[in-house]
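Q: I'd like to walk through this model feature by feature. Can we take the symmetry before anything else?

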There are 2 protein chains.
Amino acid sequence: MINDLQDILSVNIRGMKRSAIRELLKYLNQPGLISFSGGFPAPQSFPVEELKGIIAEVMENEPYYALQYGTTEGDNLLRKQLADRYKKFGIDVNMDNIIITTASQQALDLIAKSFIDRGDTVIVGLPSYLGALSAFNSYGADMIGIPMDDEGEIPEVMEDEIKKAIARGKKPKFIYVIPDFQNPAGMTMSEKRRKEIIDIAHRYDILIVEDSPYRELRYEGENQRTLYELDGTQQVVLLGTFSKIFCPGFRIGWVMGHPEVLDKVVIGKQATDLCTPPFTQRIAARYMERGYLDPKIAEICNMYKSKQKVMLESLEEFMPEEFTWTKPQGGLFLMATGPEWIDTDALLLDCIKEQNVAYVAGTSFFCNGKGQNTMRLNFSYESEENNREGCRRLGTFFKKVIAEKS
Amino acid sequence: MINDLQDILSVNIRGMKRSAIRELLKYLNQPGLISFSGGFPAPQSFPVEELKGIIAEVMENEPYYALQYGTTEGDNLLRKQLADRYKKFGIDVNMDNIIITTASQQALDLIAKSFIDRGDTVIVGLPSYLGALSAFNSYGADMIGIPMDDEGEIPEVMEDEIKKAIARGKKPKFIYVIPDFQNPAGMTMSEKRRKEIIDIAHRYDILIVEDSPYRELRYEGENQRTLYELDGTQQVVLLGTFSKIFCPGFRIGWVMGHPEVLDKVVIGKQATDLCTPPFTQRIAARYMERGYLDPKIAEICNMYKSKQKVMLESLEEFMPEEFTWTKPQGGLFLMATGPEWIDTDALLLDCIKEQNVAYVAGTSFFCNGKGQNTMRLNFSYESEENNREGCRRLGTFFKKVIAEKS
């Protein structure tokens with residue numbers, strides 16, 4: 001083994017640590033643990049029976065295609081199915097506007113690889129998805145966090161920060177938003193807010209990266225149009241994924257955008273993994289072709305709506321009154337906020353050890369290191385019974401913490 | 001769409017172009033084309049029947065595991081199967097020395113991400129695998145090419161170049177080698193040569209990256225021990241893949257090395273794709289567990305040995321006498337060399353259009369831009385009949401090129 005491993009690491013990797021969430025996976029095997037961490041879909045939502053038939057057919061009819069290398073852009077049948085589905089929803093796209101990635105995380109990595117040099121600025125929410133922060137950080141991005149109100153990032157602050165960045169010669173490379181059921185804060189942008197952010201992007205000629213993993217998981221209220229659609233000029237790059245509406249184990253996501261932007265992403269992807277597994281892509285394409293996706297999404301929405309309801313009611317019942325939490329209209333997560341002095345990061349291991357329940361500490365989502373009194377709670381993975389029991393445990397734990405303080 | 005796309009690209013992506021090989025994939029659908037390009041395994045080598053049974057069992061017995069997210073390190077059963085197999089060959093490793101990647105290309109990407117800052121030097125062969133050059137290039141590596149003799153990179157030149165790099169404050173981050181059936185040059189390092197290169201790495205405290213995709217595909221001669229084994233101190237990182245001995249469509253590779261090095265690779269992987277598809281990993285693990293891999297490799301070796309023989313005989317029969325080519329003891333490729341004035345890059349499209357046969361131009365493999373009179377020929381993908389017919393077409397094409405010149 002070499003002697004100076006630390007010294008030879010790239011500057012970007014030297015500055016990174018293991019993701020808090022990924023590290024928590026280790027505790028998921030602890031007997032009886034109730035996990036509100038991670039962003040795991042409910043295993044019951046996986047279309048196992050449908051897939052058995054589809055996979056058998058793919059192995060019978062097209063195994064030599066599915067087991068061979070594929071193009072970097074992705075399986076054409078899958079790209080077409082995805083484009084047709086967006087068209088059905090009134091969005092004007094075709095296959096050339098879509099490439100397949102090894103799930104959304106790779107899309108985030110490739111967007112970062114395409115645009116970020118060390119020290120470049122990007123705009124993100126306060127808070128924002130930690131996997132995105134991690135991908136941007138791995139290329140040395142300087143992240144500018146924009147505070148949020150009930151409708152998302154505050155446009156006036158965003159514009160002000162963009163002006164300041166431009167003034168110091170660091171015009172942001174892109175604006176990263178999760179407009180539907182934001183992870184972790186839960187809010188959904190109104191159409192007005194979406195348009196305000198698009199206006200800013202046009203005014204300063206900046207790309208928007210619209211991360212859209214949860215959009216179809218809406219349990220109440222009305223769908224908002226995507227920024228991609230509202231913009232209409234392909235200045236928006238939309239990231240989609242099957243991880244929450246089909247299954248994460250296939251690792252399939254996509255990037256929708258202007259072909260010139262996609263061309264750069266493809267060049268990066270060639271050097272990164274050549275292609276996403278043609279095997280899982282072809283199975284997913286046949287699954288869509290068969291019309292299984294939409295009824296499955298409706299089924300998942302029913303399941304998660306009910307799980308969310310149980311969690312909201314249980315938090316109400318068990319959490320100390322010093323806590324508040326969001327009530328998102330969809331998605332997989334709530335965000336809970338405690339008194340200012342609470343440090344969820346420092347308390348997490350105690351919470352797991354004492355009460356066998358896990359959350360994600362909020363600081364992971366704040367590029368400015370704040371949010372130490374917040375935590376993200378996932379309601380999709382555990383059963384309704386466990387959602388209730390987990391909230392009871394959380395409540396017991398934090399009541400004790402508060403009692404000890406006073 | 002934004003106005004200044006070129007201006008906002010990262011410096012690394014700005015400098016990259018689409019890979020010549022990936023671009024050639026577009027021509028693979030041309031009717032009647034015989035492709036000696038790419039590194040495609042023979043579809044007939046895919047274990048379709050065995051997989052049908054294994055997949056049905058995975059979907060019956062463990063679908064909720066296989067369709068869910070997995071750990072970044074990879075499926076433990078697969079890591080254990082791989083470690084046990086190396087142990088069987090006398091190499092002292094365990095599961096903690098192995099992580100799974102989204103095939104070898106991701107391993108190359110993550111090694112580059114872990115160690116390369118723009119302008120850092122790395123040692124590669126002249127020629128070397130273009131996917132590796134592309135991965136290193138995508139992080140801005142300054143590649144130092146080492147000329148090769150019949151046994152691989154020449155140690156004296158390598159040491160000299162390392163000294164010069166150190167003298168200018170740019171000690172190479174690692175030495176990248178493909179010791180078995182080198183891609184594209186075909187030679188296999190003797191044990192003596194392997195030890196010489198390990199000695200250099202120890203003397204200057206430099207990591208060795210041993211890329212080992214073809215090692216098990218040996219058609220004659222005796223196995224050489226891996227650098228990983230000969231070194232014995234885990235200063236070598238070995239990259240393995242199922243793409244050539246099982247199927248590329250699953251996108252499964254692995255990195256074997258010191259746990260401290262793997263830890264850095266895992267941190268990078270978390271930000272890159274979270275995990276390789278648990279679905280294909282679990283199928284591969286069950287496939288290995290069932291003992292299917294070794295007999296399949298023996299079968300592939302028989303098939304490719306015969307395909308290689310046909311290609312060697314056909315080149316002898318059809319190519320102009322001005323050409324020479326390598327006769328590797330294994331792997332998937334030959335490298336052919338024409339007269340100095342031949343430019344295979346400039347001639348490739350004519351060759352495809354006139355004779356409907358494709359190769360990869362040699363320049364893609366030379367980090368110093370040389371090799372314009374060389375080409376890489378794959379003999380694994382096409383049938384024996386096509387290997388013969390393709391060589392006939394190549395011969396016709398290059399005889400015409402030579403006749404026109406004189």
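A: Sure. To compare copies, you superpose them by least squares on the C-alpha atoms of residues with pLDDT of at least 70 in both. Keep in mind that this is a predicted model.

Q: What rotation and shift superpose chain A on chain B?

A: Here the rotation is 180°, with 0.0 Å of shift along its axis, and the RMSD comes out at 0.0 Å. The two copies are therefore related as by a two-fold rotation axis.

Q: Which surface do the copies meet through?

A: You check whether the interface residues of one copy turn up again in the other. In this case 100% of the interface residues of chain A are also interface residues in chain B, so the copies meet through the same surface. Chain A brings 90 residues to the contact, and chain B brings 90 residues too.

Q: How do I read the area buried between chain A and chain B?

A: Look at the total, then at which atoms supply it. Between chain A and chain B about 7600 Å² is buried, and carbon and sulfur atoms give 61% of that.

Q: How many salt bridges does the rule find across the interface of chain A and chain B?

A: A pair counts when a side-chain nitrogen of Lys or Arg lies within 4 Å of a carboxyl oxygen of Asp or Glu. Four turn up across this interface. One salt bridge joins the side chains of A:K113 and B:D109, at 3.4 Å from N to O. As for polar contacts, 35 residue pairs cross the interface, with both partners at pLDDT 80 or more.

Q: Which helix gives the largest share of the side of chain A that touches chain B?

A: That's helix α12 (residues 259-272) of chain A, with ten residues. By class, this side of chain A has 43 nonpolar, 27 polar and 20 charged residues.

Q: What is the strand order in the open sheet of four strands in chain A?

A: Read along the sheet: β10-β11-β14-β13, with antiparallel pairing. β10 (324-325) and β13 (360-361) of chain A stand at the edges with a single partner strand each, so one side of each has no neighbour in the sheet. β10(A) pairs with β11 (residues 333-337) of chain A over two bridges, in the antiparallel sense, and A:T324 sits opposite A:T337 in β11(A).

Q: Where are the backbone oddities, such as the cis peptide bond at B:P127?

A: Check omega and phi. B:L126 and B:P127 are joined by a cis peptide bond, omega about 5°, and B:P127 is in the loop between β3 (121-126) and α8 (130-137) of chain B. Another cis peptide bond joins B:N183 and B:P184, omega about 10°. For phi, try A:D205: the value is near 55°, positive in a residue other than glycine.

Technical notes: Residues are numbered from 1 along each chain as its sequence is written. Chains are lettered from A and ligands numbered from 1 in the order in which they are written. Side-chain values use heavy atoms; hydrogens and water are left out. Contact means heavy atoms within 4.5 Å. Buried area is the accessible area (1.4 Å probe) that two parts lose on being put together, summed over both. A polar contact is a pair of N or O atoms within 3.5 Å; within protein, one must be able to donate a hydrogen and the other to accept it, and residues adjacent in sequence count only if both atoms are side-chain atoms. Ala, Val, Leu, Ile, Met, Phe, Trp, Tyr, Cys and Pro count as nonpolar, Asp, Glu, Lys and Arg as charged, and the others, Gly among them, as polar. Two strands pair if DSSP finds at least two bridges between them.
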